[in-house]
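Here's an informal walk through one model, going from confidence to strands, a helix and charged pairs. Have the structure open as you read.

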Amino acid sequence: MSISQAIQALQLMPSFMRHVVAWRRIPARPGTYAPFPAELDRRLCDVLVSRGIRRLYTHQAAALSAVEQGQHVVITTSTASGKTLCYNLPVLSRLLRDPESTALYLFPTKALAYDQRAELESLLAALELPTHWVATYDGDTPRQQRPVIRRSARLVLSNPDMLHLGILPSHTRWDRFFEHLRYVVLDELHVYRGVFGSHMANVLRRLRRICHFYGSAPQFIGTSATIANPSEFAARLIEAPMTLVDRDGSPRGEKHFIIYNPPLVDAELGIRRSPILEAQRIARYLLEHGLQTIVFTRSRLTTEVLLTYLRDGARRLGLRQEQVRGYRGGYLPSQRRENERGLREGQVRAVIATNALELGIDIGQLSAAVLTGYPGTIASVRQQAGRAGRRHDQSLAVLIAGGSVLDQYIAAHPEFLFDRDPEQALIHPDNLTILADHLRCAAFELPFRQGEPFGALEDVTPILEYLAEEGSVYPGPDTWYWIGQTYPAEGLSLRTASPDRFVIMVRDESGDPAMPIGEMDRFSVPTLLHEGAIYLHEGQSYLVEHLDWEQGQAWVRPMDVDYYTEASATESVHVRDTYAQADQGRARRAYGEVTITSRATRYRRVRRYTHETLGWGEIDLPEQEMETTAFWLSFPEELLDDLREKGQWVGDPLNYGPDWERQRRRARERDGFRCVRCGAPESPGRQHDVHHIRPLRAFILEARQRGEDIAEARRKANRLENLITLCPRCHRQVERVERMRTGLGGLAYVLSHVAAVHLMCDPRDLGAIAEERSPNTGLPTITLYDKVPGGVGFAERLYAIIPTLLRDSQDVITRCGCAAGCPACVGPILDDAPLANPKELTLALIEASLSHISPGGP
């Protein structure tokens, strides 16, 4: 069946169409062309003609012309629009004219560099030039080849990490290369956002400083997905004006874009069918109709679970297991290359991937893309949807909404996705922690002259003085010299909170030597690679048998099981410094520097398909700390007194009464010292919790309303029949619902999701903590924090726009049709009746926070 017939069949399928909330047909667009510019070397023109390219797209010609005029250029056109030629042509043309010139290509991933190297080698061969002119230089480059590359390569393909760790600190070995460096290409520029982008901006400061030392001043050429501020963002990254090329001249085939909202399982609670199961059903339909399909997921775990499901379905369609593949970070390079080749050649019929395949790796011409949940940004949606369909072919993209506030907001407002400009990319290169780390690296690379700027920063003397105090640099009469005993770049990660990586080793029962099958950053290990975890890789389940925390190794064994594992973690916040604070209506707002402490505690075994809990296990690993920035909103006592009188506040810490400890012990004895929910026994040194089935607050509230004795209310609440024993994890789940019932957790929930829209970030970049009595403020407090070390300015922005966020949160809650709370507004509420309507409690907090503020707001 053709793609057109498959689309028509979907339109005739009532079970599918009743859940389609938007179906947008994006019409085909013809290409616009320009002749080869006169500046382009004729030998390159001949090669292009031999490949059937007799003219350029207008954006390619515009980019080439701007580069030839000596301008820094950033190109933002659609996926598969030929952006690669925008930099390959001027670079190769210059290399042909100037026998000594060199160029540096930087890609955010090794896979992109590998993909581009093959294309460049093909072009060099067609030009009858030495293919050793082009070389990749990254962590996988054999050491014996590195000296040859430094001596003879003219076009080096690398990544930010290798530039930071292996090239800049050893620049004296690259003197020839830097002396003649004419171009620096930054591919997939939009990736350099947040902390990674803030690091990248400082790496480029170091690069330009070294180029200046060798007498070169390279031009920068960047390519990017469509973002709202491409020239401003690129200029911030390289600290120089950029010429924008954004008029796309490439042709585009017709695309059908569908937003699909899974059916409601429980309308009153707002619970919908899992988007994972819907993705499996839709992808199987597409496979059944012969359409090569890519399915995007939002996590590694979801990728592997969905891969398992889809392979089961594919077998029933007569497809071989190897025709359905996974693709995510942690796979070995050889596995990723094999999967990419299989997609290009059509042997792989479906791939389930994280956003690792969102970037411009060549995977051929797919027919359909299925997005399992909103990926967090409009730019990502367009990138992922753009992986299906090429210049002339019809294609299909299906976005399956999840149950979150943001997903449901998009389902209710499709124009947000189709008609709104994409997000702004934000970086904060002058973050003091990041900046100081890179000044250490820069001082190691070259001494600092007195008064020497660092990029756009004209005076970094205070930071150099700090580094002198710690013993890293020595202040001479007019120069700062590195005297530290360490290699500073080695201890500085550009991408993760921890520079450490865990290697995943598989044990072979045959006695063969252990082989690595993947890797993982240390911060993720406690929740994904703990002992007892099921590690999913290419659809195969592996049991984690041993974790060597010090050596950074995890030992796994293949195991055929019908379940996977999910870990839970506790987290707390400590305020280190308050940057600003002010009244927010009758509440208080502030932002500053915090430490977030996280510890994985337990995990559960979940049966595939049914998702029932099979059992629990303990996790005993060190806690992880992250320093970042946060915004917090606190509610003073005088405000709470007014809410209490109106019955709109039920979140006070409780006095359980004098008989509580005795009743607590009796309940644990009655339940056999086991969790009544999951059956987990008590751990040595940690008693289980005891929970009130009907909340103690309900008894106290009822007694107050009737004018009865509060002590008697506590005694009734503490009767054994109202008490159950729960393990810490189950208790946290129940208490999370209780916090939502108070309105505090409900407001934290909706604020964190609405904030992601206004910050134009992935919702997973923000963490939310609701505390009934914060140790930092002494008050009920909601904290929203940057989920990246050091922060990227989200907290300051939240502090400025909180009135707008509160109004939009108010709108989300009032528009939602659920009875008392659901995943699309204040969060899920269990089926037992809450003390008061959580939506009303949350709205009361919002109204108090907006009082005395005009509708226009600050």
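The protein chain has a mean pLDDT of 87, and 92% of its residues reach 70 or more; pLDDT is the predictor's confidence in each residue, from 0 to 100. Among the elements of the chain, helix H25 (residues 728-742) sits at the bottom with a mean pLDDT of 61, while strand S8 (residues 181-186) has the highest, 98. Over residues 830-834 the pLDDT is below 50, and beyond near neighbours in sequence this stretch has five contacts in the model. Residues 854-858 are also below 50, with six contacts beyond near neighbours in sequence. Contact here means heavy atoms within 4.5 Å.

Some ground rules: this is a predicted model, where local features need pLDDT of at least 70, side-chain atom pairs count only at pLDDT 80 or more, and totals for chains, interfaces and linings use all residues. Residues are numbered from 1 along each chain as its sequence is written, and side-chain values use heavy atoms, with hydrogens and water left out. Helices (H or I, at least four residues) and strands (E, at least two) are DSSP runs, numbered from the N terminus.

**A covered strand**

Let's start with strand S17 (residues 368-372), where five of its five residues are buried. Buried means under 20% relative accessible area, exposed means over 50%, and partly exposed is in between (1.4 Å probe, protein chains only). In a regular strand the side chains alternate between the two faces of the sheet. In S17 both faces are covered: Ala 368, Val 370 and Thr 372 are buried on one side, and Ala 369 and Leu 371 are buried on the other.

Which strands pair with S17? Strand S14 (residues 293-296) does, in the parallel sense and over four bridges; pairing requires that DSSP finds at least two bridges between two strands. In that pairing, Phe 296 stands opposite Leu 371. Strand S18 (residues 395-400) also runs parallel to S17, joined by five bridges. There, Ala 369 has Ala 397 of S18 as its bridge partner.

**Helix H1**

Now to helix H1 (residues 3-11), which holds Gln 5 and Ile 7. Is each of these buried or partly exposed? Gln 5 is partly exposed, with a relative accessible area of 43%, whereas Ile 7 is buried at 2%.

Ile 7 and His 256 are 249 residues apart in sequence, yet their C-alpha atoms are 8.2 Å apart in space. Leaving aside neighbours within four places in sequence, Ile 7 is in contact with Trp 23, His 256, Gln 394, Ser 395 and Leu 396. For Gln 5 and Ala 489, the separation is 484 residues in sequence and 55 Å in space, C-alpha to C-alpha.

**Charged pairs**

A search of the whole structure finds 39 salt bridges, each a side-chain nitrogen of Lys or Arg within 4 Å of a carboxyl oxygen of Asp or Glu. Here are some of them, with the N to O distance and the relative accessible area of each partner.

| Salt bridge | N to O distance | Arg accessibility | Acid accessibility |
|---|---|---|---|
| Arg 209 – Glu 452 | 2.7 Å | Arg 209: 10% | Glu 452: 9% |
| Arg 337 – Glu 340 | 3.2 Å | Arg 337: 10% | Glu 340: 1% |
| Arg 599 – Asp 620 | 3.7 Å | Arg 599: 32% | Asp 620: 69% |

Take the salt bridge between Arg 209 and Glu 452. Arg 209 lies in helix H10 (residues 194-214) and Glu 452 in the loop between strand S19 (448-449) and helix H19 (461-469), so the pair ties together parts that are 243 residues apart in sequence. Arg 209 is buried, and Glu 452 is buried too.

Arg 337 and Glu 340 are three residues apart in helix H14 (residues 333-345), which means about one helical turn separates them. Arg 337 counts as buried, as does Glu 340.

What about the salt bridge that Arg 599 forms with Asp 620? Arg 599 belongs to strand S28 (residues 587-607) and Asp 620 to the loop between strand S29 (613-618) and strand S30 (624-634), so this pair ties together parts 21 residues apart in sequence. Arg 599 is partly exposed, while Asp 620 is exposed.

Salt bridges also link Arg 205, Glu 239 and Asp 430 in a network.

**One more arginine**

Arg 440 is found in helix H18 (residues 432-445) and is buried, with a relative accessible area of 16%. Beyond neighbours within four places in sequence, the contacts of Arg 440 include Tyr 466, Leu 467, Trp 482 and Pro 488.
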